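Here are my notes on the model, set out as numbered points. Please read them with the structure open beside you.

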Amino acid sequence: MPAKSSTIVTALTAAALVAVGVLGYQASASAPDRLTARGESHHGKRAAHHSPPAKKDRTPRPAAVPAASGTGKRVVYALGAKRVWLVDAQGKALRTYQVTPSTVSPAAGTYQVTQRSVSLTGSDGLAIEHVVLFAKTEGVVIGFSAAVDGSTPKPGPGAAKKTGGVRESRADGKAMWDFALVGTKVVVVA
């Protein structure tokens, strides 16, 4: 009798391994050769499997460039949305991203980039880079910058020190630096 039970166990194990192998083969045969981050094959076609929709499909699209932000090449800074758009001469947003506002904000209106610095120490004492200045309010110079350490400090409502640095990520700061030369229009909207 022990020979029969070991034969049964061996047969069941072999059958299970065959079933797993067949299922693995079917899965690999239906998958594209290579997937991109968006779930597309390297040919640009959506994979033909029945997985849940990609996370990108469920997230809202970034807000459109504010309608009352003028025309032409410009940087648009929406105070309430805490968002910046880099807009080309045809009105197309080349990039949009969230920012961390400073303790002092400029009034809504149109400004121009007046000065740029590759790196310096910010009014909050942090080393910053890709500084693009465009306004002065309450004696405080206001501009976009990125902290070299990548931080985006959020000043409290009762912050004692008045600062004018609108903080961006380092990648966004580099994009701003490349886009906003001296004289570039900056439109601030509520």
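1. I start with the largest pocket. Its lining is made of 25 residues, and those nearest its centre are Gly122, Ser123, Gly164, Gly165 and Arg167. The space in this pocket comes to about 350 Å³. Keep in mind that the model is predicted.

2. Which strands each supply at least two residues of the lining of the largest pocket? They are strand 5, strand 6, strand 7 and strand 8. Strand 7 gives the largest share of that lining, with 5 residues.

3. These strands also belong together in a sheet. The sheet is open, has 4 strands in the order 5-6-7-8, and shows mixed pairing. Strand 5 (115-121) and strand 8 (165-168) each have a single partner strand, so they are the edges of the sheet, and one side of each has no neighbour there. On average, and with direction ignored, neighbouring strands of the sheet are turned by 30 degrees against each other.

4. Some general background helps with the pairing. Backbone hydrogen bonds hold the strands of a sheet in pairs, which may be parallel or antiparallel. In this model, strand 6 and strand 7 are paired in the antiparallel sense, over 7 bridges. One residue to look up is Lys136, whose bridge partner in strand 7 is Val141.

5. Strand 5 and strand 6 are likewise antiparallel, with 6 bridges. Arg116 has Val132 of strand 6 as its bridge partner. The two strands, 5 and 6, make a hairpin with 5 residues between them. In the turn, Gly125 has a positive phi of about 90 degrees.

6. What packs on the sheet? Helix 3 does, and it touches strand 5, strand 6, strand 7 and strand 8. The direction of helix 3 makes about 60 degrees with that of strand 6.

7. Next comes the interior. In soluble globular proteins, nonpolar side chains tend to be buried together. The largest nonpolar core of this model has 22 residues. Those with the most contacts inside it are Val75, Tyr77, Val84, Leu86, Phe134, Phe144 and Met176. At least two residues of this core come from each of strand 1 (74-78), strand 2 (83-87), strand 6 (127-137), strand 7 (140-147), helix 3 (170-179) and strand 9 (185-189). The largest share, 4 residues, is supplied by helix 3.

8. Leu86 is worth a separate look. Leaving aside residues up to four places away in sequence, Leu86 touches Arg74, Val75, Lys92, Ala93, Leu94, Arg95, Tyr97, Ala175, Met176 and Phe179. Apart from the largest core lies another one, of 6 residues, including Trp85, Val87, Val187 and Val189.

9. Gly91 sits in the loop between strand 2 and strand 3 (93-98). Is Gly91 buried, partly exposed or exposed? Its relative accessibility is 37%, which lies between the cut-offs of 20% and 50%, so Gly91 counts as partly exposed. Gly91 and Gly70 are 21 residues apart along the chain, and their C-alpha atoms are separated by 9.0 Å.

10. Last, the chain as a whole. The secondary structure consists of 3 helices and 9 strands, and along the sequence the pattern reads α-α-β-β-β-β-β-β-β-β-α-β. The chain has 190 residues, of which 31% count as buried. Among contacts between residues at least 6 apart in sequence, 51% join residues at least 24 apart.

How values were computed. Residues are numbered from 1 along each chain as its sequence is written. This is a predicted model: local features need pLDDT of at least 70, side-chain atom pairs count only at pLDDT 80 or more; totals for chains, interfaces and linings use all residues. Side-chain values use heavy atoms; hydrogens and water are left out. A nonpolar core is a set of buried Ala, Val, Leu, Ile, Met, Phe, Trp, Tyr and Cys residues joined through side-chain atoms within 4.5 Å. Buried means under 20% relative accessible area, exposed over 50%, partly exposed in between (1.4 Å probe, protein chains only). Contact means heavy atoms within 4.5 Å. Two strands pair if DSSP finds at least two bridges between them. Axes are lines fitted to C-alpha atoms, for helices over the stretch in contact, and angles run from 0 to 180 degrees between N-to-C directions. On a 1 Å grid over the protein atoms alone, a cavity is a set of points where a 1.4 Å probe fits but cannot get out, and a pocket is an open set with protein on both sides within 12 Å along at least five of seven lines; lining residues have an atom within 4 Å of a point. Grid points are joined across faces, edges and corners, and a volume is the space filled by probe spheres set on the points.
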